[in-house]
Amino acid sequence: MPTDPMPDFPAGFRWGVSTSAYQIEGAVAVDGRGPSIWDTFAHSPGRIVDGSTGDVACDHYHRHTEDVDLMAGLGVSAYRFSIAWPRVQPGGTGAANPAGLDFYDRLVDDLLARDIDPVATLFHWDLPQPLEDAGGWLNRDTAHRFAEYADLTAARLGDRVKLWITLNEPFVHMSLGHGMGVHAPGRMLLFDAFPVAHHQLLGHGLAVGALRARSTSPVAIANNYSPVRLAGDTDADRAAAAAYEALHNRLFTDPLLGRGYPAGQDFDAGVVRDGDLAVIAAPIDVLGVNYYNPTAVRAPEEGSPLPFDLVPLDGYPRTAFDWPVAPDGLRELLGWLRDTYRDDLPPIEITESGCAYDDAPDDTGRVPDPERIAYLDGHLRAVRAALDDGVDVRGYFVWSLLDNWEWAEGFTKRFGLVHVDFDTQVRTPKSSYAWLRDVIAASRRAPAA
């Protein structure tokens, strides 16, 4: 357990937790919800490690009041959730489904009643299956459908949502879902997946305009970032590291901030039209940063289809996902963003940061998770150090409030501050929940920093 007191954070620093719709809601055929690509993918044999689906997940759709109570007990000031596009538009087009929006209407009001800011993500990978059948994000039309969905959602919730996030981790959705085939929709296109990147970014830019027409709340995007560590000392290793940095960290940031696609990389693939980059660069108010770990990179073996090779990063403890626990990487990343984008960089919020461990109740019914406490302690100190370095960081959202259905890993990975028994749906706050509750309470008592 950490023994040093947590440094103070600025007054108004946003303390939050994050979730996503398909990972927690369940109720996949309730109140008119249509199928998403993750429903299709999860029900395809061999796709999910434990053969599970998100059909029930944490049953948050029916238990959201209990979960809001857990957030209030934790003392968070914000909840980042995602809206399921198939609940709002079951077919991906046309009029809104009132029953689907009713759920988010109730959730938003319940949050506000507990003084918790609703932070709504419009797309966390659950594309309506009919849009995928028409080409999905490979089809330029999907960007326009996304803007229509944003308009419908903001028309209902725009007066109360406190921060809008258009897309969650478009790099991950492109690379794992369309490049490597390990996430929905399961395409294996490698670098031919670039149209997915461009159309997501175009959809983001169009959605920014739709949101601003309906809501005065700030608008953001949540990108996944990973500091690149060089695992070699040759020119070829350095070229590989530059290629990976361009793909992972800059492809979805340079154009957002008005710099076009990274120079020296073949990212166009003939899909960029006149005016697209101006739409993509619509000003945003916040850059959401999702951080989990750095990536070690070296030159690829001869004949590799990729211009880089990813290798294990040694010298750090590992999570149950076998990811290195590297708080120094978060400080490094935040400094890199500041130094790379300078005056173009908007304020930052850490929209995801967390870890998976094999947590289970002990003989007393408690769920000790000292490794998660150490993880959060280290990463919060990294944020405080970045603040001291002059980086404008406004908040930190823990991934995740609840143990959930973890995509292709099914129920085998637990990220939550709250343990969920997936057979009974009983929620049990872990020791990290109590630790973070005390950190948040102490921060609010502290003088402005």
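Hi everyone. Before I show anything, one definition: two strands pair here if DSSP finds at least two bridges between them. Keep that in mind, because what we are looking at is a predicted model, and strand pairing is how I'll walk you through it.

Let's begin with the whole chain. The protein has 14 helices and 13 strands. Its radius of gyration is 21 Å, close to the 22 Å from the globule rule for 449 residues, so the chain is as compact as a globular protein of that length. Along the principal axes, the C-alpha trace spans about 55 × 55 × 45 Å. Of the 449 residues, 60% count as buried. If you like contact maps, take the contacts with a separation of 6 or more: residues 24 or more positions apart account for 77% of them. As for the surface, about 16500 Å² is exposed, and carbon and sulfur atoms supply 51% of that.

Now to the barrel. Eight strands close up in the order β1-β2-β3-β4-β5-β7-β10-β11, with parallel pairing. On average, neighbouring strands in this sheet are turned by 25 degrees against each other, ignoring direction.

Let me zoom in on β1, residues 14–18. How many of its five residues are buried? Five of the five. Both faces are covered, with Arg14, Gly16 and Ser18 on one side and Trp15 and Val17 on the other. The strand has a parallel partner in β11, residues 393–399, over five bridges, and there glycine 16 has phenylalanine 397 as its bridge partner. Another parallel partner is β2, residues 78–82, this time over three bridges; in that pairing, valine 17 is matched with tyrosine 79.

Further round the barrel, β3 (residues 117–123) and β4 (residues 163–168) are joined in the parallel sense by four bridges. Valine 119 stands opposite leucine 163 in β4. Helix α8, residues 170–179, packs on this sheet and touches β3, β4 and β5, making an angle of about 45 degrees with the direction of β5. Then there is helix α12, residues 327–341, which lies across β5, β7, β10 and β11 and runs at about 150 degrees to β7.

On to the other sheet I'd like to show you. It is open, has three strands in the order β6-β8-β9, and its pairing is mixed. β6 (228–230) and β9 (309–311) are at the edges with a single partner strand each, so one side of each has no neighbour in the sheet. Neighbouring strands here are turned by 45 degrees against each other on average, again with direction ignored. Strand β8, residues 295–298, pairs with β9 in the antiparallel sense over three bridges, and alanine 296 stands opposite valine 311. Helix α10, residues 235–250, lies across β6, β8 and β9 and runs at about 175 degrees to β6.

Last topic: the nonpolar cores. Which residues have the most contacts inside the largest core? They are Trp38 and Leu337, in a core of 132 residues. Leaving aside residues up to four places away in sequence, tryptophan 38 touches several other aromatics, among them Tyr22, Trp125, Trp405 and Trp407, and its contacts also include Asp126 and His183. There is also a second, separate core of eight residues, including Ala78, Val119, Ala222 and Val286. You'll remember Val119 from the β3 and β4 pairing, where it stands opposite leucine 163.

That's my tour. Thanks for listening!

Terms used:
Residues numbered from 1 in each chain as written. Predicted model: local features only at pLDDT ≥ 70, side-chain atom pairs only at ≥ 80, totals over all residues. Heavy atoms only, no water. Buried < 20%, exposed > 50% of the residue type's maximum accessible area, 1.4 Å probe, protein only. Helix = DSSP H or I, 4+ residues; strand = E, 2+ residues; numbered from the N terminus. Axes fitted to C-alpha atoms, helices over the stretch in contact; angles between N-to-C directions. Contact = heavy atoms within 4.5 Å. Rg over C-alpha atoms; globule rule 2.2 N^0.38 Å. Areas by Shrake-Rupley, 256 points an atom, 1.4 Å probe, with all protein chains shown as cover. Core = buried A, V, L, I, M, F, W, Y, C linked by side-chain atoms within 4.5 Å.
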